[in-house]
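Visitor: Please take me closely through one part of this model, and then place that part in its wider surroundings.

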Amino acid sequence: MKAVVFDKHGGPEVLTVRQVPVPSISPNEALLRIRAIGLNYNDVWGRRGLPGMDFHLPHISGTDASGVVEAVGSEVTNVKVGDEVVVNGALSCMACASCIRGEPFVCAQFRIWGFQTGPLDGAQAEYGKVPAAHLVPKPANLSWEEAASMPLVLVTAWRMLVTRARIRPGDFVLVWGGAGGLGTMAVQICKLFGARAIAVVAGEAKAALARELGAEFVIDRKSQRVVREIQKITERRGVDIVFEHVGEATWETSILALKWGGTIVICGATTGFQAGVDLRFLWNKQQNYLGSHFGTTAELVDALAFVRRGLIKPVVMKVLPLEAVTEAHAIMEKDEVIGKLVLTP
Ligand code: NDP
């Protein structure tokens, strides 16, 4: 089969498109004929390599896919050949006490498909193998490309806001990157819950998208001072929730924008991992700083129910063939993505 493969870490030039064997499946796995692949920033992290993390080489990236079940292992009962599905790429054993308790992130076998799996085990290929318990029916109202663009950012934003930060009607929510992959989902989840999204973006095109998706307020970080605008919008109270994934560049602002007793929920750090905390804020203001990572298959099912009803929509910026993967990485690294990029095999 055709796949995007890298044999060593580096710039986009390490990505090659070449023939590799179709994966073989074990009893609890399904083989997918992949129809579309959503690109995520973890594809960039994987290609670059991360200190202290050993990637399986040669490596196929890709955590989001839509496709058709081509074959199933002998123990699979939840899907059958021909089913149209999407993948929750947060893989775990689904049998240990942590998984049964609904905490797969504590499972000793927790791993992200196409990031921590391998060698040669990810979505950017014509076929992929996935434990069948992590397959969810594809929403019929979405194209293959739309369906592949959503699961990772949708389930992550859902877990951050709904499960971790416990979003409520009327909450002011500062959404960094309101026109990015996570941000477009977060803005729509805020609207769904009757919360008041304040999207921060760079530039008019991204501002227009954030407004269209339901952001009640939009701050252009290139021309406006975020904290000053937040103070105006919230009448100096500060926001109830900050939706963080930018990290080093925004962390200080996030704390300044947060109300007493408010919650920062963070799942990533595109601009760097080092950030300071003035511990007095934490106790005097009784603030909450919460980590959040990916999401469970149950959370994905919950969130997709709203996608099926058209209340959360995909935002696909561009669909490219597998062969254009280096172009896609360049767009992501230049911070030019509006919504999501998708590859087709
Ligand atoms: P995108 O590239 O789609 O969006 C990132 C957004 O960040 C951009 O739209 C940009 O918005 C904003 N941004 C970039 N630099 C800055 C800056 N200096 N100041 C303010 N905003 C900035 O990425 P994703 O939304 O898909 O992912 C974001 C991060 O979250 C990544 O690091 C990713 O790895 C991580 N992540 C973690 C997950 C997990 O489970 N732990 C799951 C998904 C993502 P603008 O320029 O318009 O302001």
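Guide: Let us begin at the end of the part I have chosen: just after helix α5, Gly194 takes a positive phi of about 70°. Helices here are DSSP runs of H or I with at least four residues, strands are runs of E with at least two, and both are numbered from the N terminus. This is a predicted model, in which local features need pLDDT of at least 70 and side-chain atom pairs count only at pLDDT 80 or more, while totals for chains, interfaces and linings use all residues. Residues are numbered from 1 along each chain as its sequence is written, and side-chain values use heavy atoms, with hydrogens and water left out.

Helix α5 itself covers residues 181-192, and its 12 residues should span 16 Å at 1.5 Å a residue, which agrees with the 17 Å between its end C-alpha atoms; the expected span is 1.5 Å times one less than the number of residues. The helix is mostly covered, since 10 of its 12 residues are buried, where buried means under 20% relative accessible area, exposed over 50%, and partly exposed in between (1.4 Å probe, protein chains only). The buried residues run from Gly181, Leu182, Gly183, Thr184 and Met185 through Ala186, Val187, Gln188, Ile189 and Cys190. They pack against two helices, α4 (151-164) and α6 (204-213), and against the strands β10 (172-176), β11 (196-201), β13 (239-244) and β17 (340-344), with contact meaning heavy atoms within 4.5 Å.

Helix α5 also takes part in the lining of the largest pocket, whose volume is about 1300 Å³. On a 1 Å grid over the protein atoms alone, a pocket is an open set of points with protein on both sides within 12 Å along at least five of seven lines, a cavity is a set where a 1.4 Å probe fits but cannot get out, and lining residues have an atom within 4 Å of a point. Grid points are joined across faces, edges and corners, and the volume is the space filled by probe spheres set on the points. Leu182 is among the residues closest to the centre of this pocket, together with Tyr41, Trp45, His245 and Thr270, out of 46 that line it. The elements that give two or more residues to the lining are α5, α1 (41-48), α4, β11, α11 (325-333) and β17. By class, the lining has 24 nonpolar, 17 polar and 5 charged residues, where Ala, Val, Leu, Ile, Met, Phe, Trp, Tyr, Cys and Pro count as nonpolar, Asp, Glu, Lys and Arg as charged, and the others, Gly among them, as polar.

Helix α1 deserves a look of its own. Of its 8 residues, 6 are buried, so α1 is largely enclosed by the rest of the structure. Asn42, Asp43, Val44, Trp45, Gly46 and Arg47 are the buried ones, and they pack against β3 (29-38), β7, α4 and α11. Just after α1, Gly49 takes a positive phi of about 90°.

Trp45 also leads to Phe273, which is in contact with Trp45, Leu50 and Glu248 when neighbours within four places in sequence are left aside. Phe273 is found in the loop between β14 (258-266) and α9 (279-284), and at 55% relative accessibility Phe273 counts as exposed.

Another loop, between α4 and β10, holds Arg166. Arg166 has a positive phi of about 50° although it is not a glycine, and with a relative accessible area of 62% Arg166 is exposed. Most residues other than glycine have a negative phi, and most peptide bonds are trans. The loop between α1 and β4 (64-72) includes Pro58, which a cis peptide bond joins to Leu57, with omega about -10°.

As for the wider setting, the protein chain has 11 helices and 17 strands, and buried residues make up 55% of its 345 residues.
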